[in-house]
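Student: Could we go through this structure together, one question at a time? I would like to see how each answer is reached.

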Amino acid sequence: MNVKTSAKVKTQVKTLGDAASGAIEKYFRKAVEHEAEVLKDKDAEELHQMRVGMRRLRSAITGFAPVLDLPKAASERKIGKVGRILGSLRDLDVMLESLQNHYYPNLPSDEQEVLDEALLSLLKQRRRALKAVKAVLEHKSYQSLKESIENWVEKPQFRAIEHLPIAEVVPDLLLPQISEFFLHPAWLLGTEYEDGKVKVADDLTESAVEEKLAAEGTILHDLRKQAKRVRYLMNLFGDFYGESYEAYVEDVKAIQECLGDIQDSEVLGEFLTDFVDRDLQKELPQLAGLLAQKRYEAWQKWQVLQHKYLKSEIRQDLRSTLIHPVVAGAKSD
């Protein structure tokens, strides 16, 4: 493999412990700096950024788990709990924004009237979700979580492998998650075996895709979550690789986004079906059609990536890229 030196090369080789503490401090600071504005609830972007910060913090703790010696109050599980509460509010913001700005203007007046009532229902749910967020962020357990991480950042505690050069162990941190990603059953959704090979069925109609998503859509959602974990983990180590690595990170991001579009549309459809308490296609045919079209477009984008990553040579190239960092040491992302 022809390895070139990255412009990000640092003269000082960092240890696994250095990289771990740097990443955890960075994402911890990024998360908590938005806390005050989240409590004020003036800008939805503040909530989004805090949620992303918590996700990245959780990803850093998961990714560096083999070297970390964290207090129980700063566990990945407790960070995840805060993230889920933030996520519930964020999901409602996304639904409101999508209905108001993307769907509402394209509907006939009778469907807009139904949607007006649905939006009021969502706003009530959002008020409850905001109360839950404020309760969590003001609770002593969250304060204890912050204090524990702050204390750990000031004086990090590690396991014995902390002094290993980070560039030498980056592949060992990445490969297990990549393997789990590749072995996910969702990669085979909408495929068939032909002459001993997996073939993507790229001629499915919109109705056929709807049937497939109704029957097996949950595994796509699970792959989306796995893609998110892989993306955040890979982002931690971007400085140790070159352009080909960054291209793979962008692919994982694209997988996450197109599967996210499918999931968001399905969640929105489920909410509206529950709200009207009848067949959405009959009650809101124009909106139901737009949601189905959105899912179909996202499905087609997914199939391009699915086809690419079912190729053994692509998977092998990614593994090879991970095994050969192009820098001797650098800061964690």
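Tutor: Let us begin with Asp41, and keep in mind that the model is predicted. Asp41 has a relative accessible area of 28%, and a residue counts as buried under 20% and as exposed over 50%. Because 28% falls in between, Asp41 is partly exposed.

Student: Where is Asp41 found, and what is its phi?

Tutor: Asp41 is found in the loop between helix H2 (35-40) and helix H3 (44-63). Most residues other than glycine have a negative phi. Asp41 is not a glycine, and yet its phi is positive, with a value of about 60°.

Student: Which residue in the loop between H9 and helix H10 (280-283) has a positive phi, and is that residue buried or exposed?

Tutor: The residue found in that loop is Asp277, and its phi is near 60°, a positive value in a residue other than glycine. Its relative accessibility is 66%, and the cut-off for exposed is over 50%. Asp277 therefore counts as exposed.

Student: Which residues is Leu130 in contact with, leaving aside its neighbours within four places in sequence?

Tutor: Leu130 is found in helix H5, and with a relative accessible area of 12% it is buried. Once the neighbours within four places in sequence are left aside, the residues in contact with Leu130 are Asp41 and Leu89.

Student: How many Å apart in space are Leu130 and Ile255?

Tutor: Along the sequence, Leu130 and Ile255 are 125 residues apart. In space the separation is taken from C-alpha to C-alpha, and for this pair it comes to 30 Å.

Student: Which residues does Gln263 touch, not counting those up to four places away in sequence?

Tutor: Gln263 has its place in helix H9, and its relative accessible area of 15% makes it buried, since the cut-off for buried is under 20%. Not counting residues up to four places away in sequence, Gln263 touches His221 and Arg224.

Student: Which elements do the buried residues of H12 pack against, and why do those residues line one face of the helix?

Tutor: Helix H12 covers residues 312-323, and its buried residues are Ile314, Arg315, Leu318, Thr321 and Leu322. Seen down the axis of H12, these buried residues fall within an arc of 120°, so they line one face of the helix. On the other side of H12, Ser312 and Glu313 are exposed. The elements that the buried residues pack against are helix H7 (166-182), helix H8 (206-236), helix H9 (243-276) and helix H11 (285-309).

Student: How far does H12 reach from its first C-alpha to its last?

Tutor: Helix H12 has 12 residues, and at 1.5 Å a residue the expected reach is 16 Å. The reach in the model is close to that expectation, at 17 Å.

Student: How many salt bridges are there, and what is the N to O distance between Glu25 and Arg29?

Tutor: A salt bridge here needs a side-chain nitrogen of Lys or Arg within 4 Å of a carboxyl oxygen of Asp or Glu, and by this rule the count comes to 12. Glu25 and Arg29 both lie in helix H1 (residues 16-32), four residues apart, about one turn of the helix. An α-helix has 3.6 residues a turn, so residues three or four places apart point the same way. The side chains of Glu25 and Arg29 meet in a salt bridge with an N to O distance of 3.5 Å.

Student: Which residue is linked with Glu25 and Arg29 in a network of salt bridges?

Tutor: Glu25 is partly exposed at 33% relative accessibility, and Arg29 is partly exposed at 29%. The network of salt bridges links these two with Glu150.

Student: What about Asp93 and Arg126: are they buried or exposed?

Tutor: The side chains of Asp93 and Arg126 meet in a salt bridge (2.5 Å, N to O). This pair links distant parts of the chain, with Asp93 in helix H4 (residues 76-103) and Arg126 in helix H5 (residues 109-138), 33 residues apart. As for their accessibility, both Asp93 and Arg126 are buried.

Student: Which residues make the nonpolar surface patch of about 310 Å²?

Tutor: One member of the patch is Tyr193, which lies in strand S1 (residues 191-194) and is exposed, with a relative accessible area of 65%. The residues that make the patch are Leu188, Tyr193 and Val198.

How values were computed:
Residues are numbered from 1 along each chain as its sequence is written. This is a predicted model: local features need pLDDT of at least 70, side-chain atom pairs count only at pLDDT 80 or more; totals for chains, interfaces and linings use all residues. Side-chain values use heavy atoms; hydrogens and water are left out. Helices (H or I, at least four residues) and strands (E, at least two) are DSSP runs, numbered from the N terminus. The expected span of a helix is 1.5 Å times one less than its number of residues. Buried means under 20% relative accessible area, exposed over 50%, partly exposed in between (1.4 Å probe, protein chains only). The arc is that of the directions from the helix axis to the C-beta atoms. Contact means heavy atoms within 4.5 Å. Patches are made of residues with over 30% relative accessible area and no salt bridge: like charges are joined within 9 Å, nonpolar side chains (Val, Leu, Ile, Met, Phe, Trp, Tyr) within 5 Å. Accessible areas come from the Shrake-Rupley method with a 1.4 Å probe; for residues, only the protein chains shown count as cover.
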